[in-house]
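Biologist: Please show me the model, and then let us go through the ligand site and the domain interface in turn.

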Amino acid sequence: MKPKVVVTRKLPTEIYDQLSKRCQVYMWEEEEKPIPRSELEAQIKDAAALFCMITETVDAELLDQAQNLKVIANMAVGYNNIDISTCEARGIRVTNTPGVLTDTTADLAFALLMATARRIPEGMDTIRRDEWNNWSPFFLTGQDISHATLGIIGMGRIGSALAKRAKGFEMEVVYNNRSRNYEAERISGAVFASFDELLEKSDYVCLLTPYTKETHHLIGKDELQKMKKTAILINVSRGGTVDEEALYAALKSNDIYAAGLDVFEGEPIASTHPLLTLSNVVATPHIGSASVNTRMEMARMTARHILQVLNGEDPDHLVV
Ligand code: DGY
């Protein structure tokens with residue numbers, strides 16, 4: 001009998017076909033709506049593999065239902081939705097999708113930086129509301145990007161790719177990371193800085209760090225106060241790295257200039273979220289890696305990881 005794989009979202013036929021040659025595939029039939037927890041709990045009971053998204057919380061309780069599970073393949077580079085230590089203790093392999101989304105996510109980070117600095121969404125709203133009356137010398141003036149200082153928190157693959165983009169804009173790049181990234185320093189001229197030094201010096205502070213206990217609310221009231229009044233915060237990591245209440249207060253009282261956010265503490269956020277009432281916030285709905293090609297590559301890679309584990313091979317990208 002073919003091993004069962006649970007796929008938690010409707011994916012293109014190509015992915016279904018890739019898996020069904022080797023597996024019995026259960027696929028949740030909705031593209032936009034995540035699989036309900038009760039359905040996931042029921043389906044995972046006899047599954048050998050789980051193909052999941054960041055919207056599924058894979059905790060010890062769920063794993064208790066899954067007595068045959070060999071592999072959890074997350075269609076994301078981040079895996080804070082999965083209880084890694086329980087998986088490790090139970091010998092369940094966990095995979096993610098690094099590399100394939102690096103450039104696409106760095107592009108989005110830079111796009112958010114530019115849109116926020118140059119107030120592009122505000123400009124469009126102004127036209128839509130018929131409020132563009134005349135060219136005026138200080139109308140919708142923003143912040144310069146070229147020659148400014150970009151501070152990158154978390155200098156992994158995406159951080160390095162962002163630094164390369166910044167180099168094209170002749171920006172000075174400083175970064176903070178658990179360890180020095182000599183390759184990024186060599187390629188983009190990025191300079192290592194202490195966390196506080198980075199906050200004090202940067203015109204743009206971009207968060208690209210994984211979300212862990214240690215990075216929970218890494219940016220809070222104190223950190224926001226250390227930033228320049230003209231600084232812009234960009235978050236494309238996970239919402240939990242920023243204390244949203246503190247951010248709201250800092251933006252409202254102009255302690256920092258603006259924020260470009262692709263991720264939030266609770267997703268999806270409601271249209272009534274306080275941050276959305278502020279004109280100095282540019283928000284996108286967690287679309288860092290959302291290009292057609294990249295999402296297809298992530299799905300292919302996730303399916304491949306499952307097949308590799310079920311075939312007794314080492315998957316290309318193993319978390320544990
Ligand atoms: C990731 O890969 O971790 C993204 O946040 C989801 O695209």
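Modeller: Ala, Val, Leu, Ile, Met, Phe, Trp, Tyr, Cys and Pro count as nonpolar, Asp, Glu, Lys and Arg as charged, and the others, Gly among them, as polar. This is a predicted model, in which local features need pLDDT of at least 70 and side-chain atom pairs pLDDT 80 or more, whereas totals for chains, interfaces and linings use all residues. Residues are numbered from 1 along each chain as its sequence is written, and side-chain values use heavy atoms, without hydrogens and water.

Biologist: How do the residues of the shell around the ligand divide by class?

Modeller: The residues around the ligand (a heavy atom within 4 Å of it) are A76, V77, G78, L101, R238, H286, S289, R295 and M298. By class, this shell divides into four nonpolar, three polar and two charged.

Biologist: Which residue has a polar side-chain atom 2.6 Å from an oxygen atom of the ligand?

Modeller: A polar side-chain atom of H286 lies 2.7 Å from a ligand oxygen, and a backbone N or O atom of V77 also lies 2.7 Å from a ligand oxygen. The residue with a polar side-chain atom at 2.6 Å is S289.

Biologist: How many salt bridges does the rule find across the interface of domain 1 and domain 2?

Modeller: The protein is divided, by an automatic or database domain assignment, into domain 1 (4-98 + 292-310) and domain 2 (102-283). A salt bridge needs a side-chain nitrogen of Lys or Arg within 4 Å of a carboxyl oxygen of Asp or Glu. Across this interface the number of salt bridges found is zero.

Definitions and conventions. Polar contact = N/O pair within 3.5 Å; in protein donor to acceptor, adjacent residues only side chain to side chain.
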